[in-house]
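Visitor: I would like a close look at a single part of this structure, and I would be glad if you took me through it slowly, one step after another.

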Amino acid sequence: MNKNAVVLALFSALSAPAAWANNVDLSQGTQELGLQGSLDLDYVDDYLFLLNTSYGYFIREDWEIGGVLDVNMSDSTQQFQVGFFTEYNFTNSSNWVPYLGAAFQVANLNGSDGNFDFDVEDATALNVKIAGGLKYFINPHVAISAEVNYNIATDDISVTKDGVEDSFTRFVFGTRFYF
């Protein structure tokens, strides 16, 4: 392959997103499927695996509501959260779309014998999550996302090195699909 063809192919691949940058369309009626998660191998209980799933519907341009199911698992604990969320996206003329959101979930923490210096009891609580993040649209139907969220619950549902607590902050990364 000649050198000019390689340069032309590379330039085309890198400039393609700019051609549709103004086409990030989160209009009313758009649907979103989200998958986010993280893996913490330095967790107090050997590891912590997080999987956050969501399905949303844009009721107005840039404003989404939907349902969410989160699953957190470690060596000795399992946590499930189910509820609903709302999110507002700040679309602009680029592929980068910042957003703010909130979720209200029923959370359940189930603990078994672990190597903790404290007791983990089964608990069910209402969890409120406030989130902020950034989506990068790799094409008009797929975005990668990074999010930080702060959670506060009515009972202790988060296992940390200091014990079981009612509030926590998480960083998650994921993918969003639009149709």
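Guide: Let us begin with one pair of charged side chains, those of E87 and K135, which meet in a salt bridge with 2.8 Å from N to O. E87 lies in strand β4 and K135 in strand β6, so this pair ties together parts that are 48 residues apart in sequence. Please keep in mind that the model is a predicted one. Are these two partners buried or exposed? E87 has a relative accessible area of 6% and is buried, while K135, at 0% relative accessibility, counts as buried too; the cut-off behind this reading is that buried means under 20% relative accessible area.

The pair also belongs to something wider, since E32, E87, K135, E147 and R176 are linked in a network of salt bridges. Within this network, R176 forms a salt bridge with E32, and the closest N and O atoms are 3.2 Å apart. R176 lies in strand β10 and E32 in strand β1, which covers residues 31–40, so here the parts tied together are 144 residues apart in sequence. R176 counts as buried at 3% relative accessibility, and E32, with a relative accessible area of 0%, is buried as well. Another salt bridge joins the side chains of K129 and D70, at 2.9 Å from N to O. This pair links distant parts of the chain, with K129 in strand β6 (residues 123–139) and D70 in strand β3, 59 residues apart, and both K129 and D70 are buried. The count of salt bridges in the model comes to six.

D70 leads us to the strands around it. In β3, D70 stands opposite N52, and the two strands concerned, β2 (residues 48–60) and β3 (residues 63–74), run antiparallel and are joined by 12 bridges. The hairpin of β2 and β3 has two residues between the strands, and in it D62 takes a positive phi near 75 degrees. On its way towards E87, the chain passes from β3 into strand β4, residues 77–89, and these two strands pair in the antiparallel sense over 11 bridges. They form a hairpin with two residues between them, and G66 stands opposite F85 in β4.

For a contrast, turn to the surface, where E121, D122, D155, D156 and D166 gather in a patch of negative charge. D166 sits in the loop between β9 (163–165) and β10 (167–178), and with a relative accessible area of 31% this residue is partly exposed.

How values were computed. Residues numbered from 1 in each chain as written. Predicted model: local features only at pLDDT ≥ 70, side-chain atom pairs only at ≥ 80, totals over all residues. Heavy atoms only, no water. Patch = residues over 30% accessible without salt bridge, like charges linked within 9 Å, V, L, I, M, F, W, Y side chains within 5 Å. Areas by Shrake-Rupley, 256 points an atom, 1.4 Å probe, with all protein chains shown as cover. Salt bridge = Lys/Arg side-chain N within 4 Å of Asp/Glu carboxyl O. Lys, Arg positive; Asp, Glu negative; His and termini not counted. Charge placed at Lys NZ, Arg CZ, Asp CG, Glu CD. Helix = DSSP H or I, 4+ residues; strand = E, 2+ residues; numbered from the N terminus. Buried < 20%, exposed > 50% of the residue type's maximum accessible area, 1.4 Å probe, protein only. Pairing = 2+ DSSP bridges.
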